[in-house]
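Biologist: Got a minute to go through a model with me? I'd like to know what stands behind each label you put on it.

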Amino acid sequence: MSETRRKLTTIFCADVQDYTRLMGADEEGTLAALKRCREAMGRLIESHGGRVINTWGDGLIADFPSVVEAVRAAVDTQNELAGFNARRPEDGRMLFRIGINLGDVIVEDDDIYGDGVNIAARLQASASAGGIVISSTVYDQVRNKVAVGFEFLGPLMVKNVDEGVPSYAVKIGDAKDETPPPQRPGPRPQPAAQIAEASPVPGRRRLFGVLGVIAAVLIGINLLSWQGVFWARFPVLALAVVAALAWNRSQTLFNRKVTSLAIVALGMVGINLFTWTGQFWAVWPIPGIAAVMGLRWSMRR
């Protein structure tokens, strides 16, 4: 018998606006576009620590252990899909609606059930095309942590839920709405702090600059004290691996776990070359790492 348990999680629900009309106009083209959009969405969900639970028709449901990462994944998804739709004719654009709720759910095998899921689905249905709607439980967790604005939509009536669920529309890229609305007063976020948290690029650049300076200093010391051995190659290789792993922590182009394995494999190749004795011993661990990467890729949801 399957085990049934409960957990508190963030539910992410998405579907396509006017999917029936799109299918009626061009079935094959719509299915191809849906596949591309789902692949992009799945990659972004996984990069933010989420898990795609199920897909059906044009719908998708996922869950996240972090409320903040769920909202960031939704914002990244809508931004990336906006670029995809910009290259399509206006009547053929695939616009997703996303709803996010934090709630207690029933877990059975790999699926989730309960009012928490129903509320997320209702929020998604009330979102505009290309938009995001969140519940008040999500808003309370992210209002000072994500560099977006929020618009209070009022209580949303949900089947089997006695009281209306207060909901908010996420205003992507709208700096004017970053201050929480008067209906739910709270500490006013500082825009500069929000932008710094949402955009880690300057921090990465500083780290890369520091690592580059350290590498240059080590190479300089090695050359100035030259005794026929280029010993700086090993710490420089270690610094390069650290820089690559730091880049991998915030990139969204590739699966992070697979990319981490690739970085480790390249590091082993570098060690092998720097300690070359006529034998390419790295040829043995690399196939094992490649096999793990392949399994990880094939088992992605």
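Modeller: Sure. Let's start inside: leaving out residues up to four places away in sequence, Val-142 touches Val-67, Val-68, Val-71, Ile-134 and Phe-150. Keep in mind that this is a predicted model.

Biologist: What makes those touches count as contacts?

Modeller: The cut-off is heavy atoms within 4.5 Å. Val-142 also ranks with Phe-12, Phe-96, Ile-100 and Ile-134 as the members touching the most others in the largest nonpolar core, which has 39 residues. Helix α3 (residues 67-86) gives this core its largest share, nine residues. Apart from it there's another core of nine residues, including Ile-11, Cys-13, Ile-112 and Ala-120.

Biologist: Any general background for that?

Modeller: Nonpolar side chains tend to be buried together in soluble globular proteins.

Biologist: Why is Ala-127 called buried?

Modeller: Its relative accessible area is 6%, and buried means under 20%, so Ala-127 qualifies. That's for a loop residue, between α4 (115-126) and β6 (132-135). Beyond four places in sequence, Ala-127 is in contact with Arg-97, Ile-98, Ile-132 and Val-133. Its C-alpha is 9.6 Å from that of Ala-14, 113 residues away along the chain.

Biologist: And why is Leu-153 called partly exposed?

Modeller: Leu-153 has a relative accessible area of 41%. Buried needs under 20% and exposed needs over 50%, so Leu-153 lands in between. Leu-153 is in strand β7 (residues 149-156), and with residues up to four places away set aside, it touches Val-133, Ser-167, Tyr-168 and Ala-169. Leu-153 and Val-133 are 20 residues apart in sequence, with 8.9 Å between their C-alpha atoms.

Biologist: What makes Asp-18 worth flagging, and where is it found?

Modeller: Asp-18 has phi near 60°, a positive value in a residue other than glycine. Most residues other than glycine have a negative phi. Asp-18 is found in the loop between β1 (4-16) and α1 (19-25). At 39% relative accessibility it counts as partly exposed, because that value is neither under 20% nor over 50%.

Biologist: How do you know what span to expect for helix α2?

Modeller: You take 1.5 Å times one less than the number of residues. Helix α2 (residues 27-47) has 21 residues, and it reaches 30 Å from first C-alpha to last, close to the 30 Å expected. Its buried residues include Leu-34, Met-41, Leu-44 and Ile-45.

Biologist: What makes the link between Asp-26 and Gly-29 a polar contact?

Modeller: At the start of α2, a side-chain oxygen of Asp-26 comes within 3.0 Å of the backbone nitrogen of Gly-29. The limit for such a pair is 3.5 Å, so the distance fits. Just after α2, Gly-49 has a positive phi of about 85°.

Biologist: Why do β2 and β3 count as paired?

Modeller: Pairing takes at least two bridges. Strand β2 (residues 51-56) and strand β3 (residues 59-64) have five, in the antiparallel sense, so they pass. Thr-55 stands opposite Leu-60 in β3. The two strands make a hairpin with two residues between them, and Gly-57 in the turn has a positive phi of about 50°.

Biologist: What does the whole protein look like in numbers?

Modeller: The protein has ten helices and eight strands, and 38% of its 301 residues count as buried. It exposes about 16600 Å², with 60% supplied by carbon and sulfur atoms.

Key: Residues numbered from 1 in each chain as written. Predicted model: local features only at pLDDT ≥ 70, side-chain atom pairs only at ≥ 80, totals over all residues. Heavy atoms only, no water. Helix = DSSP H or I, 4+ residues; strand = E, 2+ residues; numbered from the N terminus. Buried < 20%, exposed > 50% of the residue type's maximum accessible area, 1.4 Å probe, protein only. Areas by Shrake-Rupley, 256 points an atom, 1.4 Å probe, with all protein chains shown as cover. Core = buried A, V, L, I, M, F, W, Y, C linked by side-chain atoms within 4.5 Å. Polar contact = N/O pair within 3.5 Å; in protein donor to acceptor, adjacent residues only side chain to side chain.
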